[in-house]
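Work through the exercises below with the sequence and the model side by side, and try each task before reading its solution.

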Amino acid sequence: MSIVILLFSLTLWGIIHSILASNFAKDMLGSARLYRLGYNLFAAVSFLPILYLMRTLPDRLVYQVPAPWSMVMFGGQIFAALMLLTAFLQTDSLSFVGLRQLFETGKRGALVTQGLYRVVRHPLYTFGLLSVWLTSTVSQNTLTVYIGATLYTLIGAYFEERKLCVSLALDMPNIEEPLPC
C-alpha cells in the first residue's frame, strides 16, 4: 500500500508542478517578478509531504551495498554534489532561484552552452539523478520515490526541451537552418 500512496502523491505533485511550469500558468499568475521564486518555493515545500510519507509509511529494505562499494558510491555522490554546484554556478544562479527578477525587470536569461552545459545537456538533472541512484541503502519507499522522480525528470526534460526550442525559434525568426526540435 505504501507504494500506491507514494506513487499517487508523486503523480499529484508532478501534475501540479507541470501545470505551474506551463506558459499558461505563468500568464494566468501574472507578476513575472514573483513567479520564479514562488514556483521554486512551492515546488520545494509541496515535495516535503512526499519525503514525510517516504520516511513514515511502512517500509522494507530492498538492498544494501556492502563496504567498500558503499564508500565508492558515497564518493560518487560527493562528486555528483560538486558537479551540481558547478552547474548551478554556471547558470545565472540568482535568476534560476528567482531572486534577480525581484530587482530587475525585462531581462531575459541567456542560453548557457559553456562549461558542463557544453558536455551535458542537463547537468542539474544528470548529477541530481546520479546522486540519488548512488544511494547504497535503498528501501521499498525510497526506490518508489527514486523511480517516480526519475520518470518525472525524464518526461519533464523532454517537454522543457520542446518549450525552449519554441522560445528560441520565436526569438530568432531569421535563422537559416531549422532548430533541431
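**Two helices and one buried residue**

In helix 4, Ser70, Met73, Gly76, Gln77, Ala80, Met83 and Ala87 are buried; the model in which they are found is a predicted one.

**Exercise 1.** Work out how the buried residues of helix 4 are arranged around its axis.

Solution. Begin with the buried residues, among them Met73, Ala80 and Ala87. Seen down the axis of helix 4, these buried residues fall within an arc of 130°, so they line one face of the helix. Turn next to the face away from that buried side, where the exposed residues Met71 and Leu89 are carried. Finally, look for what covers the buried residues of helix 4, which includes helix 7 (116-119) and helix 8 (123-133).

**Exercise 2.** Compare the end-to-end reach of helix 1 with the expected value, and then locate its buried side.

Solution. Helix 1 runs over residues 2-21, and its 20 residues reach 28 Å from the first C-alpha to the last, close to the 28 Å expected at 1.5 Å a residue. Its buried residues are Ser2, Leu6, Ser9, Leu10, Trp13, Gly14 and His17. They cover an arc of only 135° around the axis, which puts them on the same side of helix 1. The face turned away from this buried side carries Val4 and Phe8, which are exposed.

**Exercise 3.** Decide whether His17 is buried or exposed, and name its contacts beyond its sequence neighbours.

Solution. His17 lies in helix 1. Its relative accessible area is 14%, and because buried means under 20%, His17 counts as buried. Leaving aside neighbours within four places in sequence, His17 is in contact with Tyr39, Ala43 and Tyr152.

Conventions:
Residues numbered from 1 in each chain as written. Predicted model: local features only at pLDDT ≥ 70, side-chain atom pairs only at ≥ 80, totals over all residues. Heavy atoms only, no water. Helix = DSSP H or I, 4+ residues; strand = E, 2+ residues; numbered from the N terminus. Expected span 1.5 Å × (residues − 1). Buried < 20%, exposed > 50% of the residue type's maximum accessible area, 1.4 Å probe, protein only. Arc of directions from axis to C-beta. Contact = heavy atoms within 4.5 Å.
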